[in-house]
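Here is a short report on a predicted model. It covers charged pairs, helices, packing and surface.

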Amino acid sequence: MLSANAVLFTALAYVALLFLVAFVSDLRSRKGWLALVRSPVVYTLSISVYCTSWTFYGAVGSAARNGLEFATIYLGPTLVFVGWWFLLRKLVRIGRIHRSSSIGDLISSRYGKSTSLAVLVTLIAVIGTTPYIALQLKAVTTSFQVIADATGTSLLGIPTRDLDIRTGFWVAVGMAVFTILFGTRNIDANEHHHGVVAAIAVEALVKLFALLAVGLYVVFWIAGGVPEVFALPTSAAVLQGSDTFGIRWVALTFLSATAIVCLPRQFQITVVENADENHLRTAGWLFPLYLFLTSLFTLPIAIVGLATLPAGSNPDMFVLTLPMQHDQSALALLVFIGGFSSATSMVIVASIALSIMVSNHIVMPIALRLPRRSAGVSGDVKALLLVSRRISIGVILLLGFAYFVASAKSDALASMGLIAFAGVAQFLPSLIGGLYWHQASKSGAFAGLLAGVLTWAYTLLLPSFEGGAIPATFFERGPWGIAALRPQALFGAEGVDPLVHSLFWSLGVNVVLFVAVSLCREQKPLERLQATLFIDVFRNPADNEARFIRRSAAIDDLYVLAQRILGAEQAHRLFRDFARKQGSRDDLPQPDTEFIAHLERQLAGGIGAASARVMVSQVITGETISLEELMKLVDETQQVIEYSQQLESKSQQLQTTARQLREANQRLKALDAQKDDFLSQVSHEVRTPMASIRSFSEILLSDADLSHEQSTRFIEIIHNETLRLTRLLDEILDLSHLERGELTWTLEPVDALAVLRRAVETCQGMADGAAATIAVNGETGPVEVLGHGDRLAQVFINLISNAIKHNTGPSPRLDIRSSVADRRLIVDVQDNGPGVAAADRDRIFAKFSRTWASDRPVTAGAGLGLAISRAILRRMNGTLDLLPDTGQGACFRVVLPLRQTTGTAVGPAAGEQL
């Protein structure tokens, strides 16, 4: 077992190492050696300040109590860095351009550089961070007492005596000293705290190494492997210990995602300490990887701790007590240092961030309202700020220590962290609204923030003191016995998780008032300007401010002001550099609007945007905001929006055109395939008669002994094949002309029934030869259509002859029926043969199609007759179709429109049988 002196000596040695790292990094940065301290890896590791003692100790405790709920603390930041990188990029760009020194400075600057809003944000940040600092003090104190306890009860993770208040006090003092030494060397936000960032990066590696070391030891040495861990009886209880993806799960994920953006320390590291916007690319994958490794062994440690440690052990200390149980003093000491790193890094950065906010937004406004003394003393404001920041660090840690003492009886670390998360979540509506909503106003932000934080304090912060200074009856019955005002059952909302309950009411009130007041209260000109510069930051840099604000001032007054805040050397360098930019040979620039805006931004990096505006306003002789220029900017923005919409419309048109081109290409491919098929079929049809002609011609030429009868028969065959070839070529040409519309027909009135009778008479001889009967119904009167008599006869002859040739049954019969309906002539040609096979019905009208079913071989044509017939009827505005199969043979229908007349219609009335 380790002694208290050994633990204390190790902790002091580790602190000395951090001092050395910070000192060397500061020294290197002052000499210009910035490659290491400004690397994206160091930047990403410093973001791990998010992983405090809550995640180091409390995550295992949360897993032991609530199962997989602990994962939400890692899931939220991962979603932000992977999916919301555009928000982080916008924050970093705004922070750099407008020289925002804190989240309070950014919010107040967005809403017209409002001092009152900056004060409110600062007070909320201090109140919300105080429980978090107390959490770190409690974690360090508890872990120190557990590891230094010589009794066996230390394995429970619970000190044998009450928390040593003195230990917590001296831990707070040590953190304050380190923060003051390395966090308050300058007041300029652009002069980054390289020493602090480097020390935090080292601490990030130490706490990650400690967690991985204890995790590997627990899984492979204590449990014997991963399968053995999840085979333990406590595994099922841990894995089923939470309502995964329930309302509390969603609330915790939302809170952790909000915290990575809104926590003052996270804003300090992610935005203020960012040296290169491109570092976010590395952080986008490296920080989620860091979180994954940090949480990798959380579940196994919780499962093994519940299974092997004595009943009643504190789950928050499993990371420390498991090595102690197996006499692994070195590993336990490493774990203690890892937890110590988690706590100190958070407290240091949080103290720096809060001290900047307190000095810039509370001390400076008060100082500006006091009677001015020593107004001409160079650096007097800078000195005031440095002193106030150092005092603020002490006061902030004192507040955290006071909360630590007041909440010493609280067992769970996680609950204290959630209180802090919910407090800073009140920044989210005004922050997001300010970045993306032009109408968001200072009045709306102030009303929403004030109401939200009061609701949070009443429903979540106040109940954390239950049993202490506030009696339990207050929470059970409500103030003055009003049950509807119970802090954790507000307006009768009983049975709701306290965290979800507080989030619902606080953020709900916050958002509603923020939106409602912003819509009701008109923005001031400066608010409109800042809204445009923030929302359109990638298109309108801060330099554009000179377009809208007209200001003038004496150069001497500006120089004195700069000396007071920045110091003589930095002020001289600022004025000299801008004078050279203007092309002036002197070291003093022209005090035009552009320079005054530039100077104000430089001052804002040290004292905040609100205070910088107040101080600059004291020396300028006039200020005018051009509404005309603002309206121009709004018009430009609208033009950009319209141009974007036009681009989107054109993009959609291009997509439509591309789709149409693809469809046309598919059609061309289909036509090309049809062309190839057509040429193949034509060559086949031509080759057959040509082969016969060639073969018989060769016989006639080579064989002189042929008889006269044989020669005559061969010549007759050659003659017939020649006629067949001629008919084929005529049909192909005919069809081609029909499809191209090259035939010059004159459509004239034609008696369709007379043409039908003539066609029947023409085919009667063929019918007699095939022993087929033709029955014609409706030959009672003329029916005129607009068409071509010979071509219409060609259609009817083709249909009748096809029916005769392919009707191979024992008693072939053709039924030809005609009727008029809806001003159209309908002629059906029905046979009682085998009909057309189902598989061939879709291609019966294709070129060279021979799909008619037959019981015996028949003389086949070229397969162009139906295609030609359909093309002829189309030229006459008619149709030719194969009717659905009824099992009684094939039935083709011809439909032609009747001739339009001005008098009485020619032919039978609609529906009359012909």
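The whole structure holds 13 salt bridges in this predicted model. Three of them are set out below.

| Acidic residue | Basic residue | Closest N to O distance |
|---|---|---|
| Glu277 | Arg89 | 3.3 Å |
| Asp497 | Arg248 | 2.7 Å |
| Asp828 | Arg893 | 2.7 Å |

Take the pair of Glu277 and Arg89. Glu277 sits in the loop between helix H13 (264-272) and helix H14 (279-295), and Arg89 belongs to helix H5, so the bridge ties together parts 188 residues apart in sequence. Glu277 is buried, at a relative accessible area of 15%. Arg89 is partly exposed, at 33% relative accessibility. The two also belong to a network of salt bridges that links Arg89, Arg93, Arg96 and Glu277.

Asp497 pairs with Arg248. Asp497 lies in the loop between helix H22 (472-477) and helix H23 (498-520), whereas Arg248 lies in helix H12 (residues 247-262), so parts 249 residues apart in sequence are tied together. Asp497 is partly exposed, with a relative accessible area of 24%. Arg248 counts as partly exposed too, at 22% relative accessibility.

Asp828 meets Arg893 through their side chains. Strand E7 (residues 824-831) carries Asp828 and strand E9 (residues 891-897) carries Arg893, so the pair ties together parts that are 65 residues apart in sequence. Asp828 is buried at 8% relative accessible area. Arg893 is partly exposed at 28%.

**Helices H5 and H26**

Helix H5 (residues 85-97) has 13 residues. It reaches 18 Å from its first C-alpha to its last, close to the 18 Å expected at 1.5 Å a residue. Its buried residues are Leu87, Leu88, Lys90, Leu91, Val92, Arg93, Ile94, Gly95 and Ile97. Just after H5, Arg99 takes a positive phi of about 55°.

Helix H26 (residues 555-566) has 12 residues, which should span 16 Å at 1.5 Å a residue; its end C-alpha atoms are 16 Å apart, which agrees. Buried in H26 are Ile555, Leu558, Leu561, Ala562, Gln563, Arg564, Ile565 and Leu566. Gly567 follows H26 and has a positive phi, near 95°.

**Packing**

What does Leu435 touch, leaving out residues up to four places away in sequence? Its contacts are Leu87, Lys90, Leu91, Ile94, Phe534 and Ile535. Leu435 belongs to helix H20 (residues 428-436). It counts as buried, at 1% relative accessibility. The C-alpha atoms of Leu435 and Ile94 are separated by 9.5 Å, although the residues are 341 apart along the chain.

The largest nonpolar core has 153 residues. Tyr50, Val261, Ile301, Val319, Leu320 and Phe427 touch the most other members. Helix H17 (residues 329-369) gives the largest share of this core, 18 residues. Ile301 contacts Val60, Val214, Gly215, Val218, Phe318, Val319 and Leu322, leaving aside neighbours within four places in sequence. A second, separate core has 43 residues, including Ala752, Phe845, Leu873 and Met876.

**Surface**

In soluble globular proteins, nonpolar side chains tend to be buried together. Here, Leu216, Phe220, Trp221, Val226, Phe230 and Leu239 make a nonpolar surface patch of about 600 Å². Helix H9 (194-223) and helix H10 (226-230) each give two or more residues to the patch. H9 gives the most, with 3 residues. Leu216 lies in H9. It is partly exposed, at 38% relative accessibility.

Notes
Residues are numbered from 1 along each chain as its sequence is written. This is a predicted model: local features need pLDDT of at least 70, side-chain atom pairs count only at pLDDT 80 or more; totals for chains, interfaces and linings use all residues. Side-chain values use heavy atoms; hydrogens and water are left out. Patches are made of residues with over 30% relative accessible area and no salt bridge: like charges are joined within 9 Å, nonpolar side chains (Val, Leu, Ile, Met, Phe, Trp, Tyr) within 5 Å. Accessible areas come from the Shrake-Rupley method with a 1.4 Å probe; for residues, only the protein chains shown count as cover. A salt bridge is a side-chain nitrogen of Lys or Arg within 4 Å of a carboxyl oxygen of Asp or Glu. Helices (H or I, at least four residues) and strands (E, at least two) are DSSP runs, numbered from the N terminus. Buried means under 20% relative accessible area, exposed over 50%, partly exposed in between (1.4 Å probe, protein chains only). The expected span of a helix is 1.5 Å times one less than its number of residues. A nonpolar core is a set of buried Ala, Val, Leu, Ile, Met, Phe, Trp, Tyr and Cys residues joined through side-chain atoms within 4.5 Å. Contact means heavy atoms within 4.5 Å.
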